[in-house]
Amino acid sequence: MRATSKASKASKARTPRRLTAVAVIAVAVGWSLTAAPSGTAAAEQAAPGAELVFEQSGPVDGVRPGDSVDVPFAVKNKGDAPATRVVLYLRGSQGLAYDKRYSNCVYEDAPAQDEGPAQVNAECDIEQTLEPGVVYEPAEPIGLDVLDRALYERLNVNILAGVGTFPEGTQHGGGADPVLRLVARTAPEAPGTVHGGELATDITAENTADFALTGSKVKGGAGRTVDAKVTFANKGPAWARNDVYGPIGVFDVGIPKGTTVTKVPEFCEPSDVTGRAGAATYRCTTPYNYADEDSERAYVFGLRIDKVVANATGAVAFVKGDHHWGTLPFDRNRTNNTAEIVVNASDGGAGAGGASGGATGGTDGGSGSSGGTSATGGTGSTGGAGTQLDELAETGSADTLLVGGAAAALLAAGGVAVVVRRRTS
């Protein structure tokens, strides 16, 4: 990996371009995060006898916001006939931006929709014929800017032949950059090269996302029902996505003694095995498998005060969710990972005999909005013991950033390299 100086392009203005309706349909059919092209798109590709596959490569780690990453790829026509009407599809996650805008590509900044995060997409009309048995590479690697919000990013690349994505001929993106072309590789393909119908390159940036919880203090007499609010927020600077379709944030809310839950907020449920109403602890999750930076969501519990207990306190704390990376490895700030709901506080704090759970540091919660696959539940312990703070103590210093993914490497069989151009200021 080679690094050279480059100024940050995180705030560079980009004009979104809308894709044609036919192009959007092609993406929906044949451009999936988890599957190769299927249905009509696959039939169109297979009909002429052309079969386009990518040489598979490994993840990219060790980049930082402000870097630019060159991501090469190699595609082979494994079929027995030339591939014509070739269209290249690029889909990048929202922490990335395209370094160049080629004149034969149409670009789209796609907003978040259908419970999925925003994306940066491109479709490129490759006016070339790809011959059987030949391995092709772009004349220059696809360049990506790593934005200030980047953390767990991904570039998906797909290529189809025989698809009329641009029925009226080549559509040009209007950029000043030259045509994106594929060139035949002269070196022989390495033995044992692994191929796949789609190429997904994970790009992990050295960045953090500050997940925070806040609680609230409420007062009331016996028989009164009060609203107690817990707020989840991602204070950034990075957005964060899960590596599965479960929620990215999972936390437990302890119910203060002397109270009964009469209203349960969305994305929360009793955490005991019976699932009974009025449980002592509720497990809550973020609504989606990602949380944008500077996003916030409020969870309001209705609490009936059955008995007035001074400083009755319920602990709020993150627990381990259903994902590979463990409990919030990207969060270096541990001071706001716990909070409290306090009912009838005296002298501004919790008193002996009133607490259920052991978290500290709650503050009044604020209103918020959601950001970020709909899911509830998760694994992990409840209450104070076994929560995030205990787990993090076992993983090492809080000053060490833990990130997912292996070290930056590409399969030797692929014979490709990733170049990082890094700013120094």
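Is D252 buried or exposed? In this predicted model, D252 has a relative accessible area of 1% and is therefore buried, the cut-off for that class being under 20%. The residue lies in strand β19, which spans residues 250–254. The side chain of D252 is not without a polar partner: a polar contact of 2.7 Å links this side chain to that of R283. R283 falls within the range of strand β22, residues 281–285.

The chain as a whole comprises 425 residues, of which 51% count as buried. Its secondary structure consists of three helices and 28 strands. The accessible surface of the chain amounts to about 17,700 Å², and 52% of this area is supplied by carbon and sulfur atoms.

Several of the strands can be placed relative to one another through their bridges. Strand β14, residues 199–205, is mostly covered, with five of its seven residues buried. Strand β2 (residues 60–63) is joined to β14 by two bridges, and the two strands run parallel. Within this pairing, V63 stands opposite A205 of β14. Strand β11, residues 152–160, is also joined to β14, here by six bridges and in the antiparallel sense. In that case Y152 is the residue facing T204 of β14. Strand β14 thus has a parallel pairing with β2 and an antiparallel pairing with β11, a pairing requiring at least two bridges between the strands.

A separate description applies to an open sheet of five strands, whose order is β12-β9-β4-β1-β13 and whose pairing is antiparallel. The edges of this sheet are formed by β12 (182–184) and β13 (195–196), each of which pairs on one side only. At the β12 edge, three bridges connect β9 with β12, and these strands run antiparallel. P138 of this pairing stands opposite L182 in β12.

The loop that precedes β9 was examined at T129. This residue is found between β8 (119–126) and β9 (135–138). T129 has a relative accessibility of 39% and so counts as partly exposed, a value between the limits of 20% and 50%. When neighbours within four places in sequence are left aside, the contacts of T129 are with P82, A83, T84 and Y136. The C-alpha atoms of T129 and A161 are 9.4 Å apart in space, with a sequence separation of 32 residues.

Nonpolar packing was considered next. In soluble globular proteins, nonpolar side chains tend to be buried together. The largest nonpolar core of the model has 37 residues, and L88, Y98 and I159 are the members with the most contacts inside it. Strand β8 provides the largest share of this core, namely four residues. A second core, separate from the one above, contains 36 residues, including L213, V218, F251 and I255. F251 lies within the residue range of strand β19, the strand that also holds the buried residue D252.

The search for disulfides across the whole structure returned two. One of them joins C105 to C124, with an S to S distance of 2.0 Å. The link of C105 and C124 is right-handed, with 105 degrees about the S-S bond. Distant parts of the chain are connected by this pair: C105 belongs to strand β7 (residues 105–110) and C124 to strand β8, at a separation of 19 residues. C105 and C124 are both buried.

The other disulfide is formed by C268 and C284, whose sulfur atoms are 2.1 Å apart. This link is likewise right-handed, with 115 degrees about the S-S bond. Here too the pair links distant parts of the chain, with C268 in strand β21 (residues 268–270), C284 in strand β22 (residues 281–285) and their positions 16 residues apart in sequence. C268 has a relative accessibility of 10% and therefore counts as buried. C284 is also buried, because its relative accessibility is 0%. With the bonded cysteines of the chain numbered in sequence order, the pairing is 1-2, 3-4.

Technical notes: Residues numbered from 1 in each chain as written. Predicted model: local features only at pLDDT ≥ 70, side-chain atom pairs only at ≥ 80, totals over all residues. Heavy atoms only, no water. Buried < 20%, exposed > 50% of the residue type's maximum accessible area, 1.4 Å probe, protein only. Polar contact = N/O pair within 3.5 Å; in protein donor to acceptor, adjacent residues only side chain to side chain. Areas by Shrake-Rupley, 256 points an atom, 1.4 Å probe, with all protein chains shown as cover. Contact = heavy atoms within 4.5 Å. Core = buried A, V, L, I, M, F, W, Y, C linked by side-chain atoms within 4.5 Å. Disulfide = S-S within 2.5 Å.
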